[in-house]
Amino acid sequence: MRMEPGDQTCSMAPDRGLVSATQRPRREPGTGTQEGAPGPGAVRARRFLLCLYLVGFLDLFGVSMVVPLLSVHVKSLGASPTVAGIVGSSYGILQLFSSTLVGCWSDVVGRRSSLLVCILFSALGYLLLGASTNVFLFTLARVPAGIFKHTLSISRALLADLVTEEERPVVLGQFNTASSMGFILGPVVGGYLAELDGGFYLTAFVCSSVFILNAGLVWLFPWSEVKLSGPQDDLPRGRNQALWGKTDSAVQRAASAQATPASPQGTPVSKGPARLPWAEVLATLWGLRSLVLSALWVVFVVRLLMAVAVMLYYSNFVLALEERFGMGPRAAGYLTSCSSALGVLAGFALGPLLRLYGHQSYLLLLHSSVLTSTLLLLFASARSLDVAVVCSVLLSFSTAIGRTCITDLQLTVGGVRAGGSLLGMGQSVTAVGRVLAPILSGVAQEVSPCGPPGLGAALGFVAVVIMSRNRPHSGGQGGEELKSE
């Protein structure tokens, strides 16, 4: 959370072991303006947030047009089921290794540059996908997207730069809501385009065009009208490892001390060659190691367990409904759409829920995880279709709440100044879940159609126990290095 000079720093709540903000007047996002006195800065910041919401919407709108058609297209190119599976998993493997690096890179070079590069390379990937006429070209086309498709993570880090810690979960929830709207509408448009002549190629070209439009939108953002923290300051992350443990006023004094001195005639004096960006990325990651091991390991373990639990539920969702209750694919599709719509509404309910919980994201995450695990267990043991439908609809709500809370908790424990790195690490953890979930699902389905959601419920309850016994904290000295926001 960025604080203006003179604000009190975040304090450790001894009874909860969590970093919590001290009581102070709420401020408009990114402006330092107190509520009740909105000025031009508040209006500009709100406009900037709306532009970011549009970026999230267009991102998932474009992706969701193509993703449902990928498996069909790669098989039409002559790939066997095994080869199609390997090609499909290549994207997740690339994401596993690139998420943290690209997130950390955004901390070093700034959000604007990294966001533009990621969007443009993603556009290139989907353009190549539309030109793929064999399996080799199809696989090659997935490489740019696998490495650079981190638009949403960088956008979330940018949102964290803009708003206060108290406002952050609500803003992240609204961003997820806008993105989910794109994921709901995209498959409809993609399905319509796919029925035309050369449908897949046309769909991939339209997706690439949407990403180019998104890049133009980011380029035209009113960057100069908002006040950003972290990498947007003239204080790059990788060059200032020693400043992480200082308050904002101390950072400013230290930054002044580190500023390039001038000669008596006013000519800048060189202080030596600047470090290369990727050297700064490695230095930043090295600086984060102690924080991850001491404070963030609980958050990442919980994220992994809950991600695998939910993926196990979705892995055989349609098949389980058909085998257990005789529900056809069309009815299952309607149920999925209804559940997704409720997940979108969760973004609007997040604000009231956080006020009810006193803005304790950790406690809300704990309770949403309990609800998710219970619903998975009920779905696995359901004897009637009505119970299964109710569980499915409520699961979309609880998982949407948990997704936002776990993101906010990463930033609360780790600190916003390394927001890109932390969110990238979170995406890498989720990518591990994407690799593990299909394997575990296959093994569980050998036992029973109820096996995957039942195993998911068990993993969810393990996550709940870990959260209850190891409440995340700022990791002592290491955590304070990044919680000076």
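These legends describe close-up views of a predicted model.

**View 1. Phe48 and Trp223 form an edge-to-face aromatic pair.** The ring centres are 5.3 Å apart, with 75° between the planes. Phe48 belongs to helix α1 (residues 40-76). Trp223 sits in the loop between α7 (199-219) and α8 (248-258), so the pair ties together parts 175 residues apart in sequence. Phe48 is buried, at a relative accessible area of 0%. Trp223 is buried too, at 11%. Phe221 joins Phe48 and Trp223 in one aromatic cluster.

**View 2. Two arginines lie over aromatic rings.** Arg112 lies over the face of Trp219, 4.9 Å from the ring centre. Arg324 places its charged end over the ring of Phe379, at 5.5 Å from the centre.

**View 3. The largest nonpolar core has 52 residues.** Tyr126, Leu129, Leu159 and Phe221 have the most contacts inside this core. At least two residues come from each of α1, α2 (81-109), α3 (111-130), α4 (135-148), α5 (151-162), α6 (168-194) and α7. Helix α1 gives the most, with 15 residues.

**View 4. Leu129 and its contacts beyond four places in sequence.** Leu129 touches Val66 and Leu70. Its other partners are Phe138, Ala141, Arg142, Phe200 and Ala204.

**View 5. Another core, of 49 residues, lies apart from the largest nonpolar core.** Among its residues are Val298, Tyr313, Tyr357 and Leu395.

Note on methods:
Residues are numbered from 1 along each chain as its sequence is written. This is a predicted model: local features need pLDDT of at least 70, side-chain atom pairs count only at pLDDT 80 or more; totals for chains, interfaces and linings use all residues. Side-chain values use heavy atoms; hydrogens and water are left out. Rings of Phe, Tyr and Trp (its six-membered ring) pair if their centres lie within 6.5 Å; planes under 30 degrees apart count as stacked, over 60 as edge-to-face and the rest as tilted. Helices (H or I, at least four residues) and strands (E, at least two) are DSSP runs, numbered from the N terminus. Buried means under 20% relative accessible area, exposed over 50%, partly exposed in between (1.4 Å probe, protein chains only). A charge sits over a ring if NZ of Lys or CZ of Arg is within 6 Å of the ring centre and within 35 degrees of the ring normal. A nonpolar core is a set of buried Ala, Val, Leu, Ile, Met, Phe, Trp, Tyr and Cys residues joined through side-chain atoms within 4.5 Å. Contact means heavy atoms within 4.5 Å.
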